[in-house]
Amino acid sequence: MNWLEVIAVVFGVVAIWLASKGEVVNFGIGLVNCVLYGILFGREGLYSGMILQGIYFVINLYGLYSWRKPKVDDKELNVSWLSWKERVWVLLIVVVTGVLWGMGVKYGAQLLPENIQEPQYPMIDAILTTASIVAQILLTRKKIDNWVIWVLVDVVYIGLFLMVGMYWTAGLYVVYVLIAIRAIREWNKE
């Protein structure tokens, strides 16, 4: 049993549960989760996922600030949906950036084959990474769409983690899907 993975799972469940409840402390717990999963993904050759944890770390710091100081241009930061035009842009950003990222990871691994192990599923990992960054940013802005993206991303991640043998993390992502579905309903009420 990988105890580091189990501990990361616990921090992950607590962080996402608190986020779904709108509790600002989720970002602090998320910071610890980022460090733990950064280590784990590096070990598994999921380099986009590893880099994602560093990006999440920064986004969590921003979310902590944003939710504690929710006024933007004298407007209260309220729960809302993206417009259809914004959704199209989000989709384009995820696909284009994800494909370019995946190509970069594959190319980078070819340049340094003696220094790093072969990346596993680099294109899927990169697209999921890009979608996750977008979802996390939308969470910091209290956009309900973040939870919809998380449901889609987490379902694919479950399969990826099962393929690489990270069974505890696959289980965590099942819980994430359930929490995200609940959060969509709860945030939509606001």
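# Pockets, a cavity and two salt bridges

The lining of the second largest pocket splits into 4 nonpolar, 3 polar and 5 charged residues. That pocket holds about 180 Å³ of space, while the largest pocket has about 300 Å³. Bear in mind that this is a predicted model. There is also 1 cavity of 30 Å³ or more in the whole structure, and the search for salt bridges turns up 2.

**Second largest pocket**

- Here's who lines the second largest pocket: Ser-20, Lys-21, Gly-22, Trp-67, Leu-77, Asn-78, Val-79, Lys-142, Arg-182, Glu-186, Trp-187 and Glu-190.
- Helix α7, which covers residues 167-189, is the top contributor to this lining, with 3 residues.
- Glu-186 is worth a second look, as it appears in this lining and also takes part in a salt bridge with Lys-189.

**Largest pocket**

- The largest pocket, at about 300 Å³, is lined by 14 residues, and the ones closest to its centre are Val-90, Leu-91, Val-94, Ile-149 and Leu-152.
- Three helices give two or more residues each to this lining: α4 (84-111), α5 (122-140) and α6 (145-163).
- Of these, α6 has the largest share, with 6 residues.
- What classes of residue make up the lining of the largest pocket? The split is 12 nonpolar, no polar and 2 charged.

**The cavity**

- The largest cavity contains about 280 Å³ of space.
- Its lining runs to 20 residues, with Ile-16, Asn-33, Tyr-56, Gln-136 and Tyr-176 closest to the centre.
- Plenty of helices chip in here: α1, α2 (26-44), α3 (47-68), α5, α6 and α7 each provide at least two lining residues.
- Helix α2 gives the most, with 6 residues.
- By class, you get 12 nonpolar, 7 polar and 1 charged residues around the cavity.
- If you're wondering how such spaces are found, rolling a probe the size of a water molecule over the atoms shows where empty space is left.

**Salt bridges**

- As a reminder, side chains of opposite charge can pair when their charged atoms come close.
- One of the pairs is Asp-145 with Arg-87, whose side chains meet at 2.7 Å, N to O.
- Asp-145 sits in helix α6 and Arg-87 in helix α4, so this salt bridge ties together parts that are 58 residues apart in sequence.
- Is Asp-145 buried or exposed? Asp-145 is buried, because its relative accessible area is 6%, and the cut-off for buried is under 20%.
- Its partner Arg-87 has a relative accessible area of 24%, so Arg-87 counts as partly exposed.
- Lys-189 and Glu-186 form a salt bridge too, at 3.5 Å, N to O.
- This pair stays within one helix: Lys-189 and Glu-186 both belong to α7 and are 3 residues apart, about one turn of the helix.
- Lys-189 is exposed, because its relative accessibility is 66%, and exposed means over 50%.
- Glu-186 comes out as partly exposed, with 31% relative accessibility.

**Nonpolar surface patch**

- Leu-91, Val-95, Val-96, Val-99, Leu-100 and Met-103 make up a nonpolar surface patch of about 530 Å².
- Leu-91 is a name you've already met: it belongs to this patch and is also among the residues closest to the centre of the largest pocket.
- Val-96 is part of helix α4, and its 48% relative accessibility makes it partly exposed.

**A couple of residues and distances**

- Ala-15 is in helix α1, which spans residues 3-20.
- Ala-15 is buried, with 10% relative accessible area.
- Where does Ala-15 lie relative to Leu-61? Their C-alpha atoms are 13 Å apart, and the two residues are 46 residues apart along the chain.
- Ile-39 belongs to helix α2, and with 41% relative accessibility it counts as partly exposed.
- From Ile-39 to Trp-147 the C-alpha to C-alpha distance is 25 Å, with their positions 108 residues apart in sequence.

Notes
Residues are numbered from 1 along each chain as its sequence is written. This is a predicted model: local features need pLDDT of at least 70, side-chain atom pairs count only at pLDDT 80 or more; totals for chains, interfaces and linings use all residues. Side-chain values use heavy atoms; hydrogens and water are left out. On a 1 Å grid over the protein atoms alone, a cavity is a set of points where a 1.4 Å probe fits but cannot get out, and a pocket is an open set with protein on both sides within 12 Å along at least five of seven lines; lining residues have an atom within 4 Å of a point. Grid points are joined across faces, edges and corners, and a volume is the space filled by probe spheres set on the points. Helices (H or I, at least four residues) and strands (E, at least two) are DSSP runs, numbered from the N terminus. Ala, Val, Leu, Ile, Met, Phe, Trp, Tyr, Cys and Pro count as nonpolar, Asp, Glu, Lys and Arg as charged, and the others, Gly among them, as polar. Patches are made of residues with over 30% relative accessible area and no salt bridge: like charges are joined within 9 Å, nonpolar side chains (Val, Leu, Ile, Met, Phe, Trp, Tyr) within 5 Å. Accessible areas come from the Shrake-Rupley method with a 1.4 Å probe; for residues, only the protein chains shown count as cover. A salt bridge is a side-chain nitrogen of Lys or Arg within 4 Å of a carboxyl oxygen of Asp or Glu. Buried means under 20% relative accessible area, exposed over 50%, partly exposed in between (1.4 Å probe, protein chains only).
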